[in-house]
Amino acid sequence: MPDWLAHIAVAMPPTQALFGQLLIGLINGAFYAMLSLGLAVIFGMLNIINFAHGAQYMLGAFCAWFALDYLGIGYWPSLILAPIAVAAIGIALERLLLRHIYRLDHLYGLLLTFGVALIIEGVLRNYYGSSGQPYSIPRELTGARNLGFMFLPNYRAWVIFASLAVCFGTWFLIERTRLGSYLRAATENPSLVQAFGINVPRMVTLTYGFGAGLAALAGVLAAPIYQVSPLMGSDIIVVVFAVVVIGGMGSIVGAVASGFVLGVVEGLTKVFYPEASNTVIFVVMAIVLLVKPAGFFGRTV
Amino acid sequence: MPEASVRQRDLLRVQDLHAWYGESHVLHGMSFTVGEGEVVTLLGRNGVGKTTTLKAIMGILPQRRGSVAFEGRELVGLASNRIARSGIAYCPEERGIFSSLSVEENLLLPPQVRPGGMSVEEVYALFPNLAERKRGQGTKLSGGEQQMLAIGRILRTGARLLLLDEPTEGLAPVIVQQIGAVIGALKQKGFTILLVEQNFRFAATVADRHYVVEHGQVIDEIANDRLDENIGKLHEYLGV
């Protein structure tokens with residue numbers, strides 16, 4: 001064996017650790033993808049950078065937890081009910097607040113949604129503190145399977161599958177259906193689409209509700225993995241915004257692809273240079289901003 | 001309803017229509033009518049308010065006052081999607097082809113507002129170029145094809161009144177001729193058309209009547225069959 005190859009062989013971590021971190025990276029990536037997808041959909045239609053997205057994700061997890069603890073409603077119904085509840089909250093938010101600021105600069109939407117996020121977080125923190133509430137894995141998905149080179153917990157496999165399905169479903173809805181063509185057209189020229197007889201304001205409201213529901217769905221999926229805490233949203237949303245910047249604002253494919261890729265990059269960094277694992281995404285973001293300010297898949301805003 | 005009374009009926013009646021872009025007052029009391037089955041043009045120089053009139057009728061310009069009655073129903077105050085649903089279709093000057101949609105998606109975009117619109121096959125028969133390129137991106141079409149797409153997509157909706165904003169602008173003479181033929185065919189099919197034009201030679205080949213617009217008002221009305229005797233006046237109005 002040549003000398004240099006021996007060095008690399010020594011530097012290689014055991015495969016168990018490598019695949020373990022790869023899996024954690026994929027799981028994180030699954031959440032980054034779902035959350036940045038919602039942000040991209042909302043930004044495309046409303047031109048608003050939805051800083052309340054993390055809070056809506058957290059609300060999804062809390063809804064599931066509430067439902068289980070107070071009403072005895074389990075994981076599977078929550079997977080449907082929590083997104084609907086959070087979508088309803090999102091629709092009210094759009095109708096009552098966001099509607100009035102579309103004509104203003106992006107900054108106002110950002111400030112408004114950031115304020116809303118702080119209020120939601122603050123209220124829940126007041127009642128539940130900042131420590132996490134445990135939420136157990138549904139019985140059907142406990143356990144793990146041996147893949148030969150690693151153990152794959154069933155619930156984590158389900159999260160990756162569900163995330164891919166949701167991302168594909170959303171992409172299909174927007175890029176391949178009649179309703180999606182209305183959405184794409186209204187993103188380009190809302191007043192003309194409305195002059196064809198389509199109720200664009202209602203479509204905008206429903207899009208925001210859909211984006212918020214998507215965040216809540218991610219929140220329910222995350223509850224058994226990360227615990228349910230008022231701060232879980234603000235922890236993840238900062239990274240998600242970096243993902244969105246890298247992928248490009250308003251691009252569906254960009255949001256999903258960069259979500260998964262960056263999750264994996266983060267996981268691999270934990271193996272090879274753990275000190276940088278928390279910052280690597282921001283380093284990538286800085287480089288992308290310097291080289292390709294619109295992001296990899298982005299349109300110029 | 002007897003045929004004759006239908007012909008005479010005013011489909012669109014615009015009275016004392018005012019409109020604003022922010023602070024600037026653009027329409028100063030437009031008044032005109034379009035009868036059922038007629039092709040009527042708004043002629044006038046650049047910036048006199050012809051496009052604004054169409055936008056105000058459609059409700060795209062929300063700051064408006066006065067009266068726009070379509071089939072006797074008042075439209076001022078309605079949102080533009082409601083106006084479209086009442087049976088009016090609009091083809092904007094910039095054509096408004098969506099770049100994120102394929103040709104066919106562009107064609108299928110405007111929803112049907114009334115029964116009796118043309119089928120997709122009929123639109124393709126009218127504009128064979130579009131059929132050949134239906135999978136392509138809408139904005140990759142040539143200017144003339146984009147114009148055909150912009151007209152073709154509103155024929156499906158079942159709307160009986162079409163507002164066409166300078167459909168011949170910037171197009172080669174052979175395409176202009178083709179569009180003229182299409183407008184003639186649409187008139188034969190019973191469509192009512194309000195056409196904004198700067199090119200009165202083209203307008204003369206397709207229209208029944210012309211309104212001359214200046215400073216956001218109608219200043220004259222000329223029947224197409226009396227265009228020759230008024231040609232001097234028209235040259236003066238249009239500054240050609």
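A helix here is a DSSP run of H or I with at least four residues, numbered from the N terminus. With that settled, I opened the predicted model and went looking for one alanine.

**Entry: where Ala223(A) sits.** I found Ala223(A) in helix α9 of chain A, which covers residues 200–226.

**Entry: buried or exposed?** I looked up the surroundings of Ala223(A) next. The cut-off for buried is 20 or more other C-beta atoms within 10 Å. Ala223(A) has 29 of them within that distance, so I noted it down as buried.

**Entry: its contacts.** Which residues touch Ala223(A), once neighbours within four places in sequence are left aside? My list reads Ala61(A), Ala64(A), Trp65(A), Tyr135(A) and Val228(A).

**Entry: a distance.** I also checked Gly250(A), which lies 27 residues from Ala223(A) along the chain. Their C-alpha atoms turned out to be 27 Å apart.

**Entry: the whole chain.** Stepping back, I counted 12 helices and 2 strands in chain A. Read from the N terminus, the order is α-α-α-α-α-β-β-α-α-α-α-α-α-α. The radius of gyration is 20 Å, close to the 19 Å that the globule rule gives for 301 residues, so chain A is as compact as a globular protein of that length. I put the span of the C-alpha trace along its principal axes at about 70 × 50 × 35 Å.

**Entry: burial and contacts overall.** Of the 301 residues in chain A, 47% count as buried, and Ala223(A) is one of the buried residues. Among contacts with a separation of 6 or more, I found that 78% join residues 24 or more positions apart.

Notes. Residues numbered from 1 in each chain as written. Chains lettered and ligands numbered in written order. Predicted model: local features only at pLDDT ≥ 70, side-chain atom pairs only at ≥ 80, totals over all residues. Rg over C-alpha atoms; globule rule 2.2 N^0.38 Å. Buried ≥ 20, exposed ≤ 12 C-beta atoms within 10 Å, placed from the backbone. Contact = placed C-beta atoms within 7 Å.
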